[in-house]
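Good morning, and thank you for making time for this presentation. I would like to take you through one structure, residue by residue where that is useful.

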Amino acid sequence: MRDRFLGGLYRLMDSPLGAVLGGLVYGLWAFFVNRHAGLPHAALIGFTHWMMSVAITLGCVALMRTLFWMPARPRNGAWLSIAGSLLVTYTLLVSVHWYIGTPNILLTLAPGMLPTIGFAAIYSSLLLRESGDPRSATSIARRTSLFGTSGDPHARA
């Protein structure tokens with residue numbers, strides 16, 4: 001039961017549907033907290049945040065997978081994937097919101113901080129879990145796509 005749940009969670013977190021649903025929640029929040037800036041500007045902020053959330057989620061999942069396999073030890077890869085994805089995520093979010101003139105950048109981003117940190121931590125721990133299972137097709141497929149068919153999954157290319 002637990003393995004089934006974790007497998008389903010992994011597939012949702014790794015899917016475009018998960019990114020779109022998560023982005024929708026954040027986009028609506030961004031619209032709501034910036035509504036005092038006027039409907040057109042709040043709509044632009046909400047739409048921009050939704051699109052960025054979807055793109056960042058999909059991009060950061062790919063980045064996390066790549067960063068996970070870089071160090072020789074899987075645990076170090078998990079930490080690197082968490083730190084790297086959060087750095088990229090918040091650099092992009094703050095930069096774009098600053099560019100489009102979001103009046104409340106911190107208030108806009110604050111509610112998403114815990115879920116974003118949680119997403120990074122959970123996804124990295126799921127990668128760590130999958131890497132330890134030699135029967136996992138996901139682990140084998142990712143290892144093959146990143147390093148070819150050569151031996152050790154954490155060998156340097």
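I begin with isoleucine 122, which is partly exposed because its relative accessible area is 40%, a value between the 20% limit for buried and the 50% limit for exposed. Please bear in mind that this is a predicted model. Isoleucine 122 has its place in helix H5, residues 105-131. Its C-alpha lies 9.2 Å from that of isoleucine 82, although 40 residues separate isoleucine 122 and isoleucine 82 in sequence.

Let me now place that helix in the chain. The secondary structure amounts to six helices and zero strands, and the pattern along the sequence reads α-α-α-α-α-α. The chain has 157 residues, of which 36% count as buried.

Methionine 13 offers another case of a sequence separation bridged in space. Methionine 13 sits in helix H1, residues 2-13, and counts as buried because its relative accessibility is 11%, under the 20% limit. Between methionine 13 and phenylalanine 119 there are 106 residues in sequence, yet the C-alpha to C-alpha distance is 8.1 Å.

I turn next to helix H3, which spans residues 39-69 and includes tryptophan 69. With a relative accessibility of 3%, tryptophan 69 counts as buried. The C-alpha atoms of tryptophan 69 and leucine 128 are 9.9 Å apart, with the two positions 59 residues apart in sequence.

Leucine 39 is also found in helix H3. Is leucine 39 buried or exposed? Leucine 39 is exposed, because its relative accessible area is 58%, over the 50% limit.

Histidine 49 belongs to helix H3 as well, and at 4% relative accessibility it counts as buried. What does the side chain of histidine 49 contact? It makes a polar contact, at 2.6 Å, with the side chain of histidine 97.

The aromatic residues deserve a separate word. How many aromatic pairs does the structure hold? There are four. One of them joins phenylalanine 47 and tryptophan 50 in a tilted arrangement, with 5.9 Å between the centres and 45° between the planes. Phenylalanine 47 and tryptophan 50 are three residues apart in helix H3, so about one helical turn separates them. Tryptophan 50 is partly exposed, because its relative accessibility is 24%. Another pair, phenylalanine 68 with tryptophan 69, is edge-to-face, at 5.1 Å centre to centre and 85° between the planes. Both phenylalanine 68 and tryptophan 69 are buried.

Finally, I come to the surface. A nonpolar patch of about 470 Å² is made by Trp29, Phe31, Phe32, Leu39 and Leu107. Which helix gives the largest share of this patch? That is helix H2, residues 16-33, which contributes three residues. Leucine 39, the exposed residue of helix H3 discussed earlier, is another member of the patch. Phenylalanine 32, also among the patch residues, has arginine 35 lying over the face of its ring, at 4.0 Å from the ring centre.

To close, I return to two points. The chain comes to six helices and zero strands, and within helix H3 one finds both the buried histidine 49 and the exposed leucine 39. Thank you for your attention.

Notes
Residues are numbered from 1 along each chain as its sequence is written. This is a predicted model: local features need pLDDT of at least 70, side-chain atom pairs count only at pLDDT 80 or more; totals for chains, interfaces and linings use all residues. Side-chain values use heavy atoms; hydrogens and water are left out. Helices (H or I, at least four residues) and strands (E, at least two) are DSSP runs, numbered from the N terminus. Buried means under 20% relative accessible area, exposed over 50%, partly exposed in between (1.4 Å probe, protein chains only). Rings of Phe, Tyr and Trp (its six-membered ring) pair if their centres lie within 6.5 Å; planes under 30 degrees apart count as stacked, over 60 as edge-to-face and the rest as tilted. A charge sits over a ring if NZ of Lys or CZ of Arg is within 6 Å of the ring centre and within 35 degrees of the ring normal. Patches are made of residues with over 30% relative accessible area and no salt bridge: like charges are joined within 9 Å, nonpolar side chains (Val, Leu, Ile, Met, Phe, Trp, Tyr) within 5 Å. Accessible areas come from the Shrake-Rupley method with a 1.4 Å probe; for residues, only the protein chains shown count as cover. A salt bridge is a side-chain nitrogen of Lys or Arg within 4 Å of a carboxyl oxygen of Asp or Glu. A polar contact is a pair of N or O atoms within 3.5 Å; within protein, one must be able to donate a hydrogen and the other to accept it, and residues adjacent in sequence count only if both atoms are side-chain atoms.
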